[in-house]
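Here's a quick tour for anyone meeting this structure for the first time. Have a look at the model, then read on.

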Amino acid sequence: MFDVVTQIEIDAPPETAWSVLTDFAAVPTWNDFIRQIRGEVREGAWLEVTARLKGAPPMNFRPKVRVVRPSQEFRWRGHLVVPTLFSGEHYFLFERNGSGGTLLTHGEHFEGLLARLLRPRLVPRVEASFDAFNRDFKARVESAQRAGAT
């Protein structure tokens, strides 16, 4: 088992960040990591996701939504073939910071028989992909905040 955790400060409230993240139709227009996401923002729902890690081909998977706490937390869990082989719980946590903005914690918890074998090759790609997503997300959320403020 291992975790990859990234963070970024966003100059907009969690409500704006949540709105941008859960606008699934628009997500592929502003980042290169999540190329498609379809489904309902509802616990127990199945999503259809296409993601592309840095230096890797796109992957299609069907994770199940585990947690939906609007403007606070969104989690899904997916796996390869069977959960005991390789699985991951992907999450986005939104915390209001002292200036009224958002601290985004974006991460994934990996487990399964293949996790230890894949870790050396996977961690650098996942970190780079999450960091790039976070920067793109920050720009999109802050732009949405400015557009709403005018």
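Phe 74 is buried, with a relative accessible area of 1%. Keep in mind that this is a predicted model. Trp 76 is buried too, at a relative accessible area of 3%. The structure holds 14 aromatic pairs. One of them joins Trp 18 and Phe 94 in an edge-to-face arrangement, 6.0 Å centre to centre with 75° between the planes. Trp 18 sits in helix α1 (residues 14-21) and Phe 94 in strand β7 (residues 86-96), so this pair ties together parts that are 76 residues apart in sequence. Both Trp 18 and Phe 94 are buried. Phe 74 and Trp 76 also make an edge-to-face aromatic pair, with 5.9 Å centre to centre and 80° between the planes.

These rings belong to a wider picture. Ring pairs link a cluster that includes Trp 18, Phe 74, Trp 76 and Phe 94, along with Phe 24, Trp 30, Phe 33, Phe 92, Phe 130, Phe 133 and Phe 137.

Now for the charges. How many salt bridges does the structure hold? There are nine salt bridges, and here are some of them:

| Positive partner | Negative partner | Closest N and O atoms |
|---|---|---|
| Arg 96 | Glu 15 | 2.7 Å |
| Arg 42 | Glu 40 | 3.1 Å |
| Arg 66 | Glu 89 | 3.4 Å |

Take the pair of Arg 66 and Glu 89: Arg 66 lies in strand β5 (residues 64-69) and Glu 89 in strand β7, so the salt bridge ties together parts that are 23 residues apart in sequence. Arg 66 is partly exposed, with a relative accessible area of 45%, whereas Glu 89 is buried at 13%. Salt bridges that share partners join Arg 66 and Glu 89 with Arg 69, Glu 73 and Arg 75 into one network.

What about the other two rows? Arg 96 is partly exposed at 49% relative accessibility, and Glu 15 is partly exposed at 40%. Arg 42 counts as partly exposed at 40%, as does Glu 40 at 45%.

Which residues form a positive surface patch? Arg 35, Arg 52, Lys 54 and Arg 135 do. Arg 35 has its place in strand β2 (residues 34-38) and is partly exposed, with 32% relative accessibility.

One last stop is Ala 139, found in helix α3 (residues 115-149). Ala 139 is partly exposed, with a relative accessible area of 45%. Its C-alpha atom is separated by 9.3 Å from that of Asp 11, although Ala 139 and Asp 11 are 128 residues apart along the chain.

Technical notes
Residues are numbered from 1 along each chain as its sequence is written. This is a predicted model: local features need pLDDT of at least 70, side-chain atom pairs count only at pLDDT 80 or more; totals for chains, interfaces and linings use all residues. Side-chain values use heavy atoms; hydrogens and water are left out. Patches are made of residues with over 30% relative accessible area and no salt bridge: like charges are joined within 9 Å, nonpolar side chains (Val, Leu, Ile, Met, Phe, Trp, Tyr) within 5 Å. Accessible areas come from the Shrake-Rupley method with a 1.4 Å probe; for residues, only the protein chains shown count as cover. A salt bridge is a side-chain nitrogen of Lys or Arg within 4 Å of a carboxyl oxygen of Asp or Glu. Lys and Arg count as positive and Asp and Glu as negative; His and the chain ends are not counted. The place of a charge is taken as NZ of Lys, CZ of Arg, CG of Asp or CD of Glu. Helices (H or I, at least four residues) and strands (E, at least two) are DSSP runs, numbered from the N terminus. Buried means under 20% relative accessible area, exposed over 50%, partly exposed in between (1.4 Å probe, protein chains only). Rings of Phe, Tyr and Trp (its six-membered ring) pair if their centres lie within 6.5 Å; planes under 30 degrees apart count as stacked, over 60 as edge-to-face and the rest as tilted.
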